[in-house]
Protein chains: 4
Amino acid sequence: MNTIKIVIAGPRGRMGSEAVKLVTNTEHFELVAAVDHKNDGMMLSDVEGFQSIPSVPVYSDIEKCLQNIEADVLIDLTTPEVGMYHAKTALEHHVRPVVGTTGFTKQDLDKLEGLCLEKELGCIIAPNFAVGAVLMMKFSQMAAKYFADVEIIEMHHDQKLDAPSGTAVKTAEMISAVREGKKQGHPNEKETITGARGGDYDGMHIHSVRLPGLIAHQQVLFGSDGQTLTIRHDSYNRGSFMSGVKVAVETVMKNNTFVYGLENILD
Amino acid sequence: MNTIKIVIAGPRGRMGSEAVKLVTNTEHFELVAAVDHKNDGMMLSDVEGFQSIPSVPVYSDIEKCLQNIEADVLIDLTTPEVGMYHAKTALEHHVRPVVGTTGFTKQDLDKLEGLCLEKELGCIIAPNFAVGAVLMMKFSQMAAKYFADVEIIEMHHDQKLDAPSGTAVKTAEMISAVREGKKQGHPNEKETITGARGGDYDGMHIHSVRLPGLIAHQQVLFGSDGQTLTIRHDSYNRGSFMSGVKVAVETVMKNNTFVYGLENILD
Amino acid sequence: MNTIKIVIAGPRGRMGSEAVKLVTNTEHFELVAAVDHKNDGMMLSDVEGFQSIPSVPVYSDIEKCLQNIEADVLIDLTTPEVGMYHAKTALEHHVRPVVGTTGFTKQDLDKLEGLCLEKELGCIIAPNFAVGAVLMMKFSQMAAKYFADVEIIEMHHDQKLDAPSGTAVKTAEMISAVREGKKQGHPNEKETITGARGGDYDGMHIHSVRLPGLIAHQQVLFGSDGQTLTIRHDSYNRGSFMSGVKVAVETVMKNNTFVYGLENILD
Amino acid sequence: MNTIKIVIAGPRGRMGSEAVKLVTNTEHFELVAAVDHKNDGMMLSDVEGFQSIPSVPVYSDIEKCLQNIEADVLIDLTTPEVGMYHAKTALEHHVRPVVGTTGFTKQDLDKLEGLCLEKELGCIIAPNFAVGAVLMMKFSQMAAKYFADVEIIEMHHDQKLDAPSGTAVKTAEMISAVREGKKQGHPNEKETITGARGGDYDGMHIHSVRLPGLIAHQQVLFGSDGQTLTIRHDSYNRGSFMSGVKVAVETVMKNNTFVYGLENILD
């Protein structure tokens, strides 16, 4: 396999620092530069936390970076506003973007897709890089064709503010897109304690558990006559995102299309 | 072990017919009569469904039964009204009652306790004979002393009308009795779908899952810094109640006290 | 939807009697005859256990049955030898077979496939009709492309003689077909109690749990950096097979190809 | 509640550094000194990693430490050899030891117990401070009285060398101590893949799962007619030990006895 030359934007962030580890520890990946709004002109190995990393230059301006450095892929783990500009600039320099930020508008996505077509280059935008979570959602959508009844239980640490989690809502949306609407449970069921039956999303029920100790877990339960099918994902730390980044980098080199969502490259 | 002579009241009910199987299949148990508001004067082996059972007489009147038959224990699986009369009559005939019906009043229980003391006989009243479910509740109460945070997830078939289940509420009551009140979850947590965080019982959250295929399941989750402890009971059929009936019959022969609740004889 | 006219072969077997219930309870299905080596010439509603079933004739000879009865689909739940003959005869009478027996030889399958092509008719042979179990295996195979590490835990009642279960071995085979061989666990791992690490299948580990109370359960666990993905199927009773029979009957009417394995019609 | 003055021995170790956090973050606990074979004479806040800690002196000699510092409790998280000397010296200075090291001999334990009696002081030695794990073992032992059949599944990351885990073996020992020996599974069961039924400990089966991503998890499954009871502990990080240290410190101040094993103070 040819070595893939990679620029990482946002190396000091939580995801970014994991990505630096991933790239420098993967045999056919090579880190060639970093883009960081701080530390312009330094070597990455002189930045705190990166002492043991091979020496590559840091640029604050992606334009300048890609003029000076030959790269195959840009891994962007910054913010939506910056990510959009980075992805656009990368494509113009014939570098394939793998972008892990959320919040792109429909207009942004259309513009990037047009640019991919024009340049005949691949580009992958993925709000969630955890392969296991993405497979859980994909399998849930597939199973929903054969199981009309489903409930989602998501479980997180008790510092989480919102319930249900974004992943639970995304899962429910994906299931909803394929199943015929169904109001689940007994038509005459009755809550003796309000809320016991969870939140209702298009007839499905979602339950949010919050406990200290928990990290990020979700199970999707399907039931039909005499059987249940359960799909569960447990995320223990951010390392879980890196397998998705790896798959995305390898895939973006092979195909010349625009892809939104990791689920569309896992088959 | 001496053989224990047993009368069963309510042999044709769902629990009663399981109890007939239990008693006739247990080496040191002997079925000596049945009490049934129908079939008075028949042999049990002539009643439909009991053809393969040893021949014992059926009485519709417990008074008459205990005048004619020497017995050690009455297993009563009828109804609260009948059960109270049966238990009282049994104690007066020096027979120890094991009663599996719910709905006794405080007054009923006090009266039976008094009679036990007077006669120096044991008596066990147990609303739930599933040893596993009773242990789950007992362990949950014990764990709650060391884990301030707990959530209950109960899961049943979708023909169940009420949510949460009686067992879930009983579990929450038992936990509530030992822990300092605590409003769980983040103080600022927010439901974007109403009900997602489940039902609130004294600061604990209870979640009721309903799916076809499921039978009767409950898990109690405790969390604290860096760890979770889960206690789960799965009930697949009514056979699950019979281990509790067996323990109760053996225990009622050994001690001469009144006991309400199987949890008080499992140590 | 047009009503589908169905003949059931093997109506008195455990699967067969469930199939009779399924067909008579499904709106667009119609039971038109039964094939049974006993009870030739009787009406099915006169056979013990079928009193409440609509009256349809019973034939012991499928040839004679299909000469007299107009049918769309044959559901065969007999034995491999009989099943082969039944499927062949059905196709010759322009009836589409849905066969739930295992043990067909490669030669049998080839012959049936040829006949399907010739007659331009669909035919589905499925060793396992439990949709949930089949999806579990299918999803496991898909996940194995992204997770190099997997262990299988199957759990059954303690009357089961063989370990691991057929489903566990089938799952391991399907995973093995797509993943690069990998010897899992630490290279220097050491069992202090022999067998603790389970059975080895192509580097994967399989664990067989046997306990009274359990029915038929399996979970497939995948792990990678910072995350695990678990796919679990619980089968509580034979009703679980009927959703697969239903899907197969509906599918065999729509396409004119030969299919072996339910996983190939669930997409 | 009175403030408890605490000396920590082994502050730079993995457990020790967590204990420093615990003590400095608990309202009624006060860190008064540290014992460390390095850094004698320094202030703890000058040692790397403890900059944000209140300033307390470091001693390399416990004797000297306890001559100069008034303390109620010594938390020792060093090694068995050192731990024994530390515990003995603490008792002689009227300081109650809470020791978290394993490997004490029977003779060591007897000597410490004698010293406790003589000095009328409490002392707690606990090989495992994870309250959840200790409760899992305790509950398993209690459940084993009512469930003759049990299997243990322990699951760890794939860098673990030994199988089964120490906790699994300890659990099996504790169960074995109360149940009548039983060879589980079907008498004629047969492994088609060697090891599938796991490791045998006194008739129980133990299964060790190893996968990247996993941390430290164990479930104990009990089965009987129609039901299963599962007790599960998940440990995500070393924070899980600290709740046990806290309970031990509070308990050792209240009672004047020698205790070996956290399970004996959790009731």
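Look along chain B for the residue that comes closest to the rotation axis and you land on B:Gly195, whose C-alpha sits at 2.0 Å. This is a predicted model, where local features need pLDDT of at least 70, side-chain atom pairs count only at pLDDT 80 or more, and totals for chains, interfaces and linings use all residues. Residues are numbered from 1 along each chain as its sequence is written, chains are lettered from A and ligands numbered from 1 in the order in which they are written, and side-chain values use heavy atoms, with hydrogens and water left out.

**How chains A and B pair up**
- A turn of 180° and a shift of 0.0 Å along the axis lay chain B on chain A with an RMSD of 0.1 Å (least squares on the C-alpha atoms of residues with pLDDT of at least 70 in both).
- The two copies are therefore related as by a two-fold rotation axis.
- The copies meet through the same surface, because 100% of the interface residues of chain B are also interface residues in chain A.

**A:His186, touching chain B**
- You'll find A:His186 in the loop between α6 (166-176) and β9 (190-191) of chain A (helices are DSSP runs of H or I, at least four residues, and strands are runs of E, at least two, numbered from the N terminus).
- A:His186 counts as buried because its relative accessibility is 17% (buried is under 20%, exposed over 50%, partly exposed in between, with a 1.4 Å probe and protein chains only).
- Setting aside neighbours within four places in sequence, A:His186 is in contact with B:Asp158, B:Gln159, B:Lys160 and B:Leu161 (contact means heavy atoms within 4.5 Å).
- Within chain A, the side chain of A:His186 reaches the backbone nitrogen of A:Asn188 at 2.9 Å.

**The two domains of chain A**
- Chain A splits into domain 1 (4-125 + 239-264) and domain 2 (131-236), with bounds from an automatic or database domain assignment.
- Their contact takes five residues from each of domain 1 and domain 2 of chain A.
- The C-alpha centres of these two domains of chain A lie 33 Å apart.
- Domains 1 and 2 of chain A bury about 490 Å² between them, 59% of it on carbon and sulfur atoms (the accessible area, 1.4 Å probe, that two parts lose on being put together, summed over both).
- A:Ser240, A:Leu262 and A:Glu263 supply 82% of what domain 1 of chain A buries against domain 2 of chain A, more than any other three residues.

**D:Gly239, over in chain D**
- D:Gly239 is in helix α7 (residues 239-254) of chain D, and its 3% relative accessibility makes it buried.
- Not counting residues up to four places away in sequence, D:Gly239 touches B:Asp225 and D:Glu18.

Definitions and conventions: A polar contact is a pair of N or O atoms within 3.5 Å; within protein, one must be able to donate a hydrogen and the other to accept it, and residues adjacent in sequence count only if both atoms are side-chain atoms.
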